Structure formats: structure tokens, C-alpha cells
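Please read the following note alongside the structure. It proceeds from one residue to the chain as a whole.

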Amino acid sequence: MLTQLRADFPDVTISKIRFLESEGLVRPQRTAAGYRQFSLVDVERLRYVLAAQRDQYLPLRVIKEQLDAIDQGEHAGPAGQRGPESPRRLAGVVGGISAPTGPARPEDFAVADTVRMTQEEVLSAAAIDRDVLAELERFGLIRPGPAGFYDTDAVLVARTAQAMTEFGLEPRHLRAFRASADREVGLLAQIVTPMSRQRDPDARARADEVARELAVLSVRLHALLVKTGLRDFIGN
């Protein structure tokens, strides 16, 4: 089943499928021994859900409503239809590291294998000097790990901060972004942490999925608030 899906959805995992099952989006049969048996219909339902999340960024509640409508023979709208392809990631890659652009997706917040980078590697990949990196660390925008190594996100943060300095902003001005992000993370953690501590064996996967969906919504809300705030400011 995973092999069938991964051709189009390479990030799909067993945990993801179990989470979708727990949310009632797919209902595979069980063998006498308790093993799941996914039919062709189940696989197509999963394709519908994954495509709706990836291409239209729909929340699971809306996707479930559309699937229920399909089950009842009603027209469910275009969620499962693939429209024209649109780029979601920056095409240019500098130093082998690319930054996500366009609307955020849950996959963008998945915990990937950590790449440990030395300070020299970060300075080279981000094209910044030691003084800039020191300032970014001083104001909490970049935080090396306990062993002093960095990850690829540190490079992306450094590049973004460096680009903002071209408009007259300095690292000390950007600490407001760090404070805002920490507050958002703290708020989301209040929702996700109790879920991850449940005794259900799938609790961690469910908490991870919810955390990623909430992260997408928080980024979208933040962007909209900045957009409306700038519009009101410029309009005045």
C-alpha cells in the first residue's frame, strides 16, 4: 500500500496512515489477527486525502466532509482533482540547501534527519561573516545545539536575516520575530503536548500530525495579519 502511494506522495508514512484512520478518513478491514487490509478503494481514498492536503491545503475536517458526500453519492467539489501544477519550493538552491516558499504545508514542518554543520560550514553556506552570526546568536535567531553544531535551518535563518539587512534592519531588530515565534510555539505546545502523552500507541504520530497542521495555520494567520496590517498602514 505504501509503495503504491509513495510514487506520488514520497513523504507518506505508516504513522500518517494510522492517523488518517484514527480520524475516520479511511476504514481498512482487519484480519482475525488484527492486521489491516487496505483495499483498492481504501488506497484511492488515501490518494484523495493526501492530494487535497498537498494541492489545496484543506484541513482534515473539510476533506472528511467531502469524502462523506462522495460516499452518499453527492458531488464533493474539486478537492481530489489536480489543477495546474504550481511551484511550492524555491527552484534555485544555494549550497545544496533550499528554502520552502509559497503556502506552507504540513510536510514543511516534519522533523527530518538532523544535519550537523560546523560554524565554518554555516558561514560558507549562508555567505555571512562571524560578526553577523554572533549577532544572530546573541539575539536568539540562531541557536546552536549543545555540542556547538548547527542544522540547515540555521543557514536558512541566516540567509533570510542577511537579506533583511539590505533594507536597513539589523539582527537586534529581528529579535521580535524570535519572541513572536516562541509565543506561538508555546501556545501550540499546550494543545499538542497532552496528546503526545496519551497511552494510545499512535498518540505520538497523531500529535505530530496535529502539530504540523496547526503550524501551517499559524503561519497562514501570521501572514494574513501582516498583510492586512501593511495594507492599513500603506493606505493611510
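1. Arg54 belongs to helix H3, which covers residues 40–56; helices (H or I, at least four residues) and strands (E, at least two) are DSSP runs, numbered from the N terminus. The model is a predicted one, in which local features need pLDDT of at least 70 and side-chain atom pairs count only at pLDDT 80 or more, while totals for chains, interfaces and linings use all residues. Residues are numbered from 1 along each chain as its sequence is written, and side-chain values use heavy atoms, with hydrogens and water left out.

2. Is Arg54 buried or exposed? Arg54 counts as buried because its relative accessibility is 10%; buried means under 20% relative accessible area, exposed over 50%, and partly exposed in between (1.4 Å probe, protein chains only). A polar atom of the Arg54 side chain lies 3.0 Å from the backbone oxygen of Asp8.

3. Val226 is located in helix H9, residues 203–235. With a relative accessibility of 40%, Val226 counts as partly exposed.

4. Together with Leu230, Phe233 and Ile234, Val226 forms a nonpolar patch on the surface, and their joint accessible area is about 450 Å². Such a patch is made of residues with over 30% relative accessible area and no salt bridge, nonpolar side chains (Val, Leu, Ile, Met, Phe, Trp, Tyr) being joined within 5 Å. A salt bridge is a side-chain nitrogen of Lys or Arg within 4 Å of a carboxyl oxygen of Asp or Glu.

5. The protein chain has 9 helices and 2 strands, in the order α-α-β-β-α-α-α-α-α-α-α along the sequence. Of its 236 residues, 31% count as buried.

Methods: Patches are made of residues with over 30% relative accessible area and no salt bridge: like charges are joined within 9 Å, nonpolar side chains (Val, Leu, Ile, Met, Phe, Trp, Tyr) within 5 Å. Accessible areas come from the Shrake-Rupley method with a 1.4 Å probe; for residues, only the protein chains shown count as cover. A polar contact is a pair of N or O atoms within 3.5 Å; within protein, one must be able to donate a hydrogen and the other to accept it, and residues adjacent in sequence count only if both atoms are side-chain atoms.
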